Amino acid sequence: MNKHHESTGPAGEQQITLRGPAELADALPYLMGFHPNDSVVMVALHGGRGRFGGRLRLGIPQAPGEWGPVADQLAECLVSGSERREGRPDAIVLFLCQDSPDGAGGRQTMERLRPFAQRLRTACGALDVPVLEALCISDGRYWSYCCPDPRCCPDQGNPLAMPGTTVMAAAATYAGVHVRGTLRDMEARLQPLRTPAAVRAQEKALDRVGPALLPRLLDERARREVAAETLRLARTLMDRIDEAQPAPPALSDAGDDQLIDSDEAAAVILGLQDRETRDRAAAWMEGPEAQAALRLWRTLARRCVGPYGEHAAAPLTLAGWVSWSTGDEPGARVALALALRADPDYTFAQLLHRACNEGLDPEALRRCLREAIDEDAGSGAEAAEAETAADRGAAPLHVRKVRPLPDGGRRRARASRPPGAERGKASPGSPRPRTPVAGRRRDARRYGRRGSRTRR
């Protein structure tokens with residue numbers, strides 16, 4: 001057995017020293033925030049005592065032919081990412097977590113994954129970063145790929161410690177760290193409905209609402225009306241969810257599904273495909289409304305059934321954003337990974353996923369969203385005042401906002417125009433005329449593609 005001394009935190013914080021494969025295997029769920037089943041996990045170590053640094057998780061590729069390229073990419077990603085944040089790692093610990101199909105063949109799973117573990121060790125070694133330990137966790141037992149001694153690492157493996165009985169479990173409980181079940185359980189809360197009757201009802205609602213909504217989304221003024229309607233309906237659904245009695249996660253999800261009918265879900269899902277509407281919905285990110293918003297986004301993600309699976313990218317990204325904003329990084333990573341699985345080119349999910357994985361502070365984005373809310377409120381008031389003046393027959397007041405030039409520069413003076421020669425300008429808050437995007441697809445199920453203002 002390889003005797004390692006890994007520290008779970010930097011100097012100045014509570015530290016726990018892990019000794020050997022048994023304690024490493026027990027610590028994995030607390031490092032990730034969940035049990036990473038069907039996953040390869042790599043953790044960077046820094047310093048002489050092996051302080052834990054960046055970590056990386058990916059689903060184990062099913063095809064062995066993919067193991068080589070995936071191993072090279074994972075090693076490069078972990079090392080380069082660590083260099084950007086904490087410096088080049090001094091070593092790496094890797095875990096391969098996968099249960100056998102029948103629950104009784106952990107050793108066979110370990111042997112099947114051995115070539116993958118070897119490719120990972122080789123890829124890390126090629127970057128001059130050694131792998132100190134490589135563990136396979138399967139069916140409640142663990143095996144070391146690095147220890148050849150059968151006295152401490154027998155062929156049948158060693159049993160994992162009972163949950164809650166180790167030093168790591170005690171320290172995590174004291175620190176308020178909770179393990180949220182398995183990765184599979186977390187993903188199930190965000191995946192589409194499977195009950196045939198519910199799937200048919202939701203798909204019909206999306207088919208019905210889509211054709212009516214699409215022409216309005218392609219018209220600038222009508223699009224603003226759709227945005228306001230979408231946000232009002234989303235707020236109504238959040239209030240409805242918030243009034244429901246608290247329940248465990250599984251019961252809570254089923255109850256939320258019952259609170260929202262198919263037409264309501266379809267209207268909000270399709271309305272969120274507009275980028276600006278989605279960004280305004282992202283403002284429900286903190287305070288008492290954050291949990292209601294998170295439950296709503298989860299519910300809507302489950303309603304993106306059948307051919308509308310790609311539409312789940314918007315509610316899944318919002319769910320990931322609210323989770324990250326409220327301190328649930330594991331939940332955020334799961335939701336954002338599913339969003340990218342639904343639409344790999346969804347820019348908002350890409351940016352959030354990278355920022356979350358690099359340990360950035362979400363407060364910077366929260367501040368930007370707060371400022372955008374204030375600007376929207378000011379623009380809405382100006383637009384309403386201009387429309388009221390126009391209704392009374394008065395000429396609307398045109399206000400030209402001037403931004404300061406860099407380095408204190410001054411604008412050149414312009415000769416004033418004679419009365420009546422002023423060129424027509426749009427009133428504050430009114431939409432600018434836009435040229436329709438050539439080749440825009442009008443299929444109700446696939447609107448808002450690349451090149452448009454929606455979905456990104």
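**Exercise 1. In which loop does D139 lie?**

Solution. The model is predicted, and the search begins with the strands on either side of the residue. Strand β6 covers residues 131-138 and strand β7 covers residues 141-144, and D139 lies in the loop between them. The next step is the backbone angle: the phi of D139 is positive, about 55°, although D139 is not a glycine. Most residues other than glycine have a negative phi. The last step is accessibility, where D139 has a relative accessible area of 21% and therefore counts as partly exposed, since buried would require under 20%.

**Exercise 2. Describe the place, the phi and the accessibility of D38.**

Solution. Begin with the place, which for D38 is the loop between α1 and β3, the strand of residues 39-46. Then take phi, which is near 55° in D38, a positive value in a residue other than glycine. Finally, the relative accessible area of D38 is 29%, so that D38 is partly exposed.

**Exercise 3. Compare the span of helix α6 with its expected span, and find where α6 bends and what covers it.**

Solution. Helix α6 runs over residues 196-217, which makes 22 residues, and the distance from its first C-alpha to its last is 30 Å, close to the expected 32 Å. The second step is to look for a bend, and there is a kink of about 35° at G210, shortly before the proline P211. The third step is to list buried residues, among them V199, Q202, A205, L206 and V209, with G210 itself also buried. An α-helix has 3.6 residues a turn, so residues three or four places apart point the same way. Lastly, the cover over the buried residues of α6 includes α7 (220-242) and α9 (262-271).

**Exercise 4. Carry out the corresponding analysis for helix α13, and examine its start.**

Solution. Helix α13, residues 329-342, has 14 residues that should span 20 Å, and its end C-alpha atoms are indeed 20 Å apart. At the start of α13, a side-chain oxygen of D328 comes to within 3.1 Å of the backbone nitrogen of G331. G331 is also one of the buried residues of α13, which include P330, A332, V334 and L336. Four helices are among the elements that cover these buried residues, namely α1 (20-32), α5 (183-188), α12 (313-325) and α14 (347-357).

**Exercise 5. Is D257 buried or exposed, and which residues does D257 touch?**

Solution. First locate D257, which lies in helix α8, residues 249-259. Its relative accessibility is 18%, and because buried means under 20%, D257 counts as buried. Leaving aside residues up to four places away in sequence, D257 touches L193, T299, R302 and R303. With R302 there is a polar contact between the two side chains, at 3.2 Å.

**Exercise 6. How many disulfides does the structure hold, and how far is C136 from the nearest cysteine sulfur?**

Solution. The structure holds 0 disulfides. C136 is in no disulfide, and the nearest cysteine sulfur, which belongs to C97, is 7.7 Å away. As for accessibility, C136 is buried, with a relative accessible area of 0%, whereas C77 counts as partly exposed at 44%.

**Exercise 7. Place these details within the whole chain.**

Solution. The chain contains 15 helices and 8 strands, and buried residues make up 44% of its 456 residues. Among contacts with a separation of 6 or more, 70% involve residues 24 or more positions apart.

Key. Residues numbered from 1 in each chain as written. Predicted model: local features only at pLDDT ≥ 70, side-chain atom pairs only at ≥ 80, totals over all residues. Heavy atoms only, no water. Helix = DSSP H or I, 4+ residues; strand = E, 2+ residues; numbered from the N terminus. Expected span 1.5 Å × (residues − 1). Bend = angle between axes of the 7 residues up to and from the residue. Buried < 20%, exposed > 50% of the residue type's maximum accessible area, 1.4 Å probe, protein only. Contact = heavy atoms within 4.5 Å. Disulfide = S-S within 2.5 Å. Polar contact = N/O pair within 3.5 Å; in protein donor to acceptor, adjacent residues only side chain to side chain.
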